[in-house]
Amino acid sequence: MTLPIVQEQTAMATQCIGVAVIGCGYWGVNYIRVFGELPHAKVVAICDSRDQRLAELQSRFPDAHACNDISQVLAMADVDVVAVCTTAETHFEIARQALLAGKHVLIEKPMTTKSADAADLHAIASKLNLTLMVGHTFVYNNGVRKLKEYIENGSLGRVYYMYARRTNLGPIRSDVNAIWDLATHDVAIFNYLLDAQPTWVSAVTSRVLNNVQEDVGFVSLGYGSGVVAHIHASWADPNKVREVVVVGSNQRIIFNDIEAVERVRVFEKGVSNGEPEADGFVSHQLLIRDGDIISPRIEPNEPLKSQCAHFLDCVMSGAAPQTGGENGLRVVKVMEAISESARNRGAPVTIES
């Protein structure tokens, strides 16, 4: 495949970046709003296959060119970057077309549904010196970043294990199952917190709603450091839960994205070995250490806006995004392994680095 030569956009740092949003469902509309609120960005085009949807959005965003022809959008000279917010199975081809048209690309998670496709996109973007970023929004959530801070400054101690619950009664998607829809977030969070990728996974799923897609799943992940992690994802649960728990040798930390006030809670609790007695004998009985519960201040932010601002900064500066193409590829590899394990009723699957 012959790749086009893309000229460096050196003036981009001082001019307004033209944004096109392809796919105007729930997340697409949020991207239109957020980019419209950011400095150095202007939404110049919106694209969707539904004429009625375009008509609705045209009345809300009259300054943006609305059409249902992707090639027309990619041919627009004032489009510098493209946000791909379509169904997961269409991500690869649309992002590929955008990159080959010389556009920087922000693609919603999952990056693709196949790791080979994700690798292709990463290779094309690297070859053309274009910014490719994946919308792993929770990496830009200040609550998750606070967890990372506690791990990195050593106050958590050694990380023992982590688990996440991401459940609700719907919304049910038809393009991917509940694992690909929900657990993708937590795989990205775990990888971010540990600066690592799991070496193996095991997963079981079920279609409890008689859905065409699996609507509930339980995933176990093992990391090279010895840390184990678990994810419960469901479209069939009565309660909406968005929770990540990190258990360490010194502290236990809970991130609850539903909680408006105490989003992160730190439990100063732990387990230690017995102290030496007078005769030098050391008790092997484990002792529970109880302590304070702390709720650190979390600087409020809108993760999607922080993510999009980071993308624009990378486009202007040429810096590598925190959730760039390689990062997205690693997450897709994990998701593929999860699917393989689920097909084999939980048999562990090794993930190649």
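Tutor: Let's start with a term: a residue is buried when its relative accessible area is under 20%, exposed when over 50%, and partly exposed in between. Keep in mind that this is a predicted model.

Student: Okay, which residues of α5 are buried?

Tutor: Apply that under 20% cut-off along helix α5. An α-helix has 3.6 residues a turn, so residues three or four places apart point the same way. In α5 the buried residues are S115, D117, A118, L121, I124, A125 and L128.

Student: And what do the buried residues of α5 pack against?

Tutor: Look for elements with heavy atoms within 4.5 Å of them. Two helices and two strands turn up, and the packing partners are α4, β5, β6 (132-135) and α9.

Student: How does α4 run relative to α5: roughly parallel or roughly antiparallel?

Tutor: The axes of α4 (residues 91-100) and α5 (residues 115-128) come within 10 Å of each other and cross at roughly 10°. Angles under 35 degrees count as roughly parallel. So α4 and α5 are roughly parallel.

Student: How many residues of the contact of α4 with α5 are nonpolar?

Tutor: On the α4 side you have F92, A95, R96, L99 and L100, and α5 brings D117, D120, L121, I124, A125 and L128. Sort those by type and you get 3 charged, no polar, and the nonpolar count is 8.

Student: How far apart are the end C-alpha atoms of α5?

Tutor: Helix α5 has 14 residues, and at 1.5 Å a residue it should span 20 Å. The model agrees with that expectation, because the end C-alpha atoms of α5 are apart by 20 Å.

Student: Which residue follows α5, and what is its phi?

Tutor: Step just past the end of the helix and you land on N129. The phi of N129 is positive, near 60°.

Student: Now the sheet. Which are its edge strands?

Tutor: The open sheet has 9 strands with mixed pairing, in the order β16-β13-β12-β11-β7-β10-β9-β8-β17. An edge strand pairs on one side only, and that picks out β16 (293-294) and β17 (349-350).

Student: Which residue is the bridge partner of V247?

Tutor: Strand β11 (residues 236-248) runs antiparallel to β12 (residues 252-256), and 5 bridges join them. For V247, the partner lies in β12 and is R252.

Student: K148 is a lysine, so is it buried or exposed?

Tutor: K148 sits in helix α6, and that helix lies across β7, β11, β12 and β13. Leaving aside neighbours within four places in sequence, K148 is in contact with Y192, L193 and D195. Its relative accessibility is 5%, so K148 counts as buried.

Student: What about R345: buried or exposed?

Tutor: R345 lies in the loop between α9 and β17. R345 isn't a glycine, yet its phi is positive, about 55°. With a relative accessibility of 80%, R345 counts as exposed.

Student: And how does H40 count?

Tutor: H40 is in the loop between α1 (26-37) and β2 (41-47). H40 has a positive phi too, near 70°. Its relative accessibility is 42%, so H40 counts as partly exposed.

Student: Last one: which residue does a cis peptide bond join to K109?

Tutor: Check the loop between β5 (104-108) and α5, where a proline lies. Omega of the bond is about -10°, and the residue joined to K109 is P110.

Methods
Residues numbered from 1 in each chain as written. Predicted model: local features only at pLDDT ≥ 70, side-chain atom pairs only at ≥ 80, totals over all residues. Heavy atoms only, no water. Pairing = 2+ DSSP bridges. Helix = DSSP H or I, 4+ residues; strand = E, 2+ residues; numbered from the N terminus. Axes fitted to C-alpha atoms, helices over the stretch in contact; angles between N-to-C directions. Parallel < 35°, antiparallel > 145°, perpendicular 65-115°, else oblique. Nonpolar A, V, L, I, M, F, W, Y, C, P; charged D, E, K, R; others polar. Buried < 20%, exposed > 50% of the residue type's maximum accessible area, 1.4 Å probe, protein only. Expected span 1.5 Å × (residues − 1).
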